[in-house]
Amino acid sequence: MDQLLAIRVFARVVEAGNFTRAADSLEMPNATVSKLVQELEGHLGVRLLQRTTRRVTVTPEGRDYYEKTTRILRDLDDVDGSFNAARGTPGGQLRVDIGGSTARDVLIPALPDFLARYPDIRLDLGVADRAVDLISDNIDCVIRGGPLDNSSLIARHIGSATLITCATPAYLKTFGTPAYPEELKNGHRLVNYLSPQTGRAFPLRFERDGVKSEIKVAHRIGINESNAHLAAGLAGLGIIQTFSYSLGEALQTGALVEILQAWRPQPYPFHVVYPQNRHVTHRLRVFIDWLMEIFPPRVSQ
């Protein structure tokens, strides 16, 4: 038995919550993952995992073994990382999760620079407007906007975006241009962005002279994906509120017109987030440093 490999596989099963997800993330056959864990249990003489047809539960002995061995794995990664850092050649696979419009308009256009700097890093992007579990999904970091409420994660602020309220000229010709936010409650059609987690519509936010307000009305259509949300606004389905970095071309060409500019809300914060109990590899460290460099000017456009 390759004990180090077996320990890494066992840790991945614990983090993923089942053998199939662990095998997928490790790019190993399910049977191999199961066999390595069984051999590790045989070597130790204890049951580490309780298996059922639907789920895997960590035994008390398994939890204790996981906590002790992950410290060892982190120390080994630190040693490997120190040699890689000394050579200045970070490499390996980096898994990043990011929302749709932020990927399209901010991150992906800048990636040629990152890949040119670090040609040995392989980047896997998960692009979707939905929450992920960084541990069980084996994701190195996520890039997200908005407030953070998970204290088990480390977050670094990487910029703030401007929220703009807008609609097509045809819509404004038909329904009129609102002079202040409260007018949105009087016959206007809103295309709300829906929370991918809860399905609830985010309110439209406004602020003027330090006074904040939110408009919550029944929307004509709600969409839980940022690119589709913008497309609905461009189609004239109603008023949208979204980030300025996604609206550059549409505002320049006149396809969309900003309204209620005097009530723009405070800039919306963006963070790169990663687990606090996971070793920060050399490749993740250089990626975060690169984000800190290129993200602020691009997200604030």
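Okay, a bit of vocabulary to start: Ala, Val, Leu, Ile, Met, Phe, Trp, Tyr, Cys and Pro count as nonpolar, Asp, Glu, Lys and Arg as charged, and the others, Gly among them, as polar. We'll want that when we get to the cavity.

Now, what you see above is a predicted model, where local features need pLDDT of at least 70, side-chain atom pairs count only at pLDDT 80 or more, and totals for chains, interfaces and linings use all residues. Residues are numbered from 1 along each chain as its sequence is written, and side-chain values use heavy atoms, with hydrogens and water left out.

Let's begin with the sheet of 5 strands. It's open, mixed in its pairing, and ordered S4-S3-S5-S14-S6. Helices (H or I, at least four residues) and strands (E, at least two) are DSSP runs, numbered from the N terminus, and two strands pair if DSSP finds at least two bridges between them. S4 (121–127) and S6 (153–161) are the edge strands, each with a single partner, so one side of each has no neighbour in the sheet.

Look at S3 and S4: they're parallel, with 7 bridges, and Arg95 has Asp124 in S4 as its bridge partner. Put helix H5 (residues 100–117) together with S3 and S4 and you've got a right-handed β-α-β unit. Right-handed means that, with the strands pointing away from the viewer, the path from the first strand over the helix to the second runs clockwise.

Moving along, S5 (residues 141–145) and S14 (residues 268–275) run antiparallel, joined by 4 bridges. Ile143 has Val272 of S14 as its bridge partner.

There's another open sheet, this one of 3 strands, antiparallel, in the order S12-S7-S13. S7 and S13 share 3 bridges, and Ala167 sits opposite Val257 in S13.

So what lines the largest cavity? Leu163, Ile164, Thr165, Phe206, Glu258, Ile259, Leu260, Trp263, Arg264 and Pro265. A cavity here is a set of points, on a 1 Å grid over the protein atoms alone, where a 1.4 Å probe fits but cannot get out, and lining residues have an atom within 4 Å of a point. Its volume is about 30 Å³, taking volume as the space filled by probe spheres set on the points, which are joined across faces, edges and corners. By class, that lining has 7 nonpolar, 1 polar and 2 charged residues. And the sheet of 3 strands comes back here: S7 (163–167) and S13 (257–259) each supply at least two lining residues, with S7 giving the largest share, 3 residues.

Notes. 1 Å grid on protein atoms, 1.4 Å probe; cavity = no way out; pocket = protein on both sides within 12 Å on 5 of 7 lines; lining within 4 Å.
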